[in-house]
Amino acid sequence: MENIPIVPAKTIIQNVKGGYDWFGLDYNMNIYRGCSHGCIYCDSRSDCYRNIDFDTVKVKENALQIIRGDLRRKVKTGVIGTGAMSDPYNPLEEKLRLTLNALELINAFRFGVAISTKSDMVVRDLDVLGDIKTHSPVIVNLTITTADDELCKIIEPNVSLSSERFEAIRKLADKGIFCGVLIMPILPFINDTEENIAGILRRAKDAGAKFAYGYMGMTLRQGNREYYYDCLDKHFPGIKEKYIKKYDLRYNCSSPNGKKLRGIFANECEKLGLLYDMRAIISRYKAGYGDSQLKLF
């Protein structure tokens, strides 16, 4: 891995506290550190994470050997989440295939997997996801914040276009993979419109999504806030001042339209037959895998 930044690691698959509040996770896995997607709103850029040179993707040293050891030591199988702090399908993955190899280990040790990504590269791994699904739960979350490819290019400049992510949902759904959309963050004064929320939901349903989960706002804290405000000045002149007036240094920045949008979101999901309650989503994708996989219920 010449010229690829390496970071040391002692363990990679870690126990999750409160994971059943978030897609029923038992464990979490981050093979990479940092992200090159360039999303202007990314909370992982915040100072509290101490992620120096966040936009440079780094690889955890001896990742596959560590993952194999971690899996071997786990007393209990369960669902392993990936994509919380760094997208598992960044440009390095196309060459290194570490996420793919990790999924093969997860399959061999008979664990389940929950993937969160903004990349259509996930469809490359359909075969191994299908194999995991024969014995353990599998769920794929495609984050889509706007149905408009042109806006996507501004707020998520180095990511698969929204239209490409909808197509990835179609390919996953066609192969029987339980998948859906994460509609978050919703940026106040930018993409917090009824047309955007309804548009994402309708296109997701048309592509074969089974669920949608959203948050009608965003988070801002030190490090991330400064970067985001610089991007607002560049791409959306005058919007930064609205944030300062409305939110000051607040962490949770709910859309001023939040209550209305939450109602539209729920009504549209009901109309389209999309699951949108977290417990219902967990119950559905874990159905049929035994009591040990449904401990929440």
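Is Ser255 buried or exposed? It is buried: with a relative accessible area of 6%, Ser255 falls under the 20% cut-off. Keep in mind that this is a predicted model, so let's check the confidence before going further. The mean pLDDT of the chain is 93, and 96% of its residues reach 70 or more. One stretch to treat with care is residues 291–297, where pLDDT stays under 50. The model does have 18 contacts beyond four places in sequence for residues 291–297. Still, where pLDDT is low, the predicted coordinates should not be read in detail.

Back to Ser255. You'll find Ser255 in the loop between strand S12 (252–254) and helix H10 (258–272). Two polar partners show up for its side chain. One is the side chain of Asp192, at 2.7 Å, and the other is the backbone nitrogen of Asn257, at 2.9 Å. Leaving out neighbours within four places in sequence, Ser255 is in contact with Pro188, Asp192, Met216, Gly217, Tyr247 and Leu261.

Gly217 in that list takes us to strand S11 (residues 217–219), where Met218 lies. Met218 has 1% relative accessibility and so counts as buried. Setting aside residues up to four places away in sequence, Met218 touches Tyr41, Pro185, Ile186, Leu187, Pro188, Tyr228, Tyr243, Tyr251, Asn252 and Cys253. Take Asn252 from that set: Met218 and Asn252 are 34 residues apart in sequence, yet their C-alpha atoms sit 6.2 Å apart in space. Pro188 is worth a look too, as it touches Met218 and is also in contact with Ser255.

Now for helix H7 (residues 194–207). Does its length add up, and what span should we expect? At 1.5 Å a residue, its 14 residues should span 20 Å, and the end C-alpha atoms are indeed 20 Å apart, so the two agree. Buried residues in H7 are Asn196, Ile197, Ala198, Gly199, Ile200, Leu201, Ala204 and Ala207. Their cover includes helix H6 (162–174), strand S9 (179–183), strand S10 (211–214) and H10, the helix that comes after the Ser255 loop. Just after H7 comes Gly208, which has a positive phi, near 110°.

Two of the strands covering H7 are also paired with each other: S9 and S10 run in the parallel sense over four bridges. Within that pairing, Val181 has Ala212 in S10 as its bridge partner. The chain gets from S9 to S10 by way of H7, in a right-handed β-α-β crossover. S9 also pairs with strand S8 (residues 138–143), again in the parallel sense and over four bridges, with Val140 opposite Cys179 in S9. S9 is mostly covered, too: five of its five residues are buried.

Finally, there's an open sheet of three strands, in the order S1-S5-S4, with mixed pairing. Strand S1 (6–7) and strand S4 (32–33) are at the edges with a single partner strand each, so each has one side left without a neighbour in the sheet. The pairing between S4 and strand S5 (residues 58–60) is antiparallel and covers two bridges. To locate that pairing on screen, look for Arg33, which stands opposite Lys58 in S5.

Key: Residues are numbered from 1 along each chain as its sequence is written. This is a predicted model: local features need pLDDT of at least 70, side-chain atom pairs count only at pLDDT 80 or more; totals for chains, interfaces and linings use all residues. Side-chain values use heavy atoms; hydrogens and water are left out. Two strands pair if DSSP finds at least two bridges between them. Buried means under 20% relative accessible area, exposed over 50%, partly exposed in between (1.4 Å probe, protein chains only). A polar contact is a pair of N or O atoms within 3.5 Å; within protein, one must be able to donate a hydrogen and the other to accept it, and residues adjacent in sequence count only if both atoms are side-chain atoms. Contact means heavy atoms within 4.5 Å. The expected span of a helix is 1.5 Å times one less than its number of residues. A crossover is right-handed if, with the strands pointing away from the viewer, the path from the first strand over the helix to the second runs clockwise. pLDDT is the predictor's confidence in each residue, from 0 to 100.
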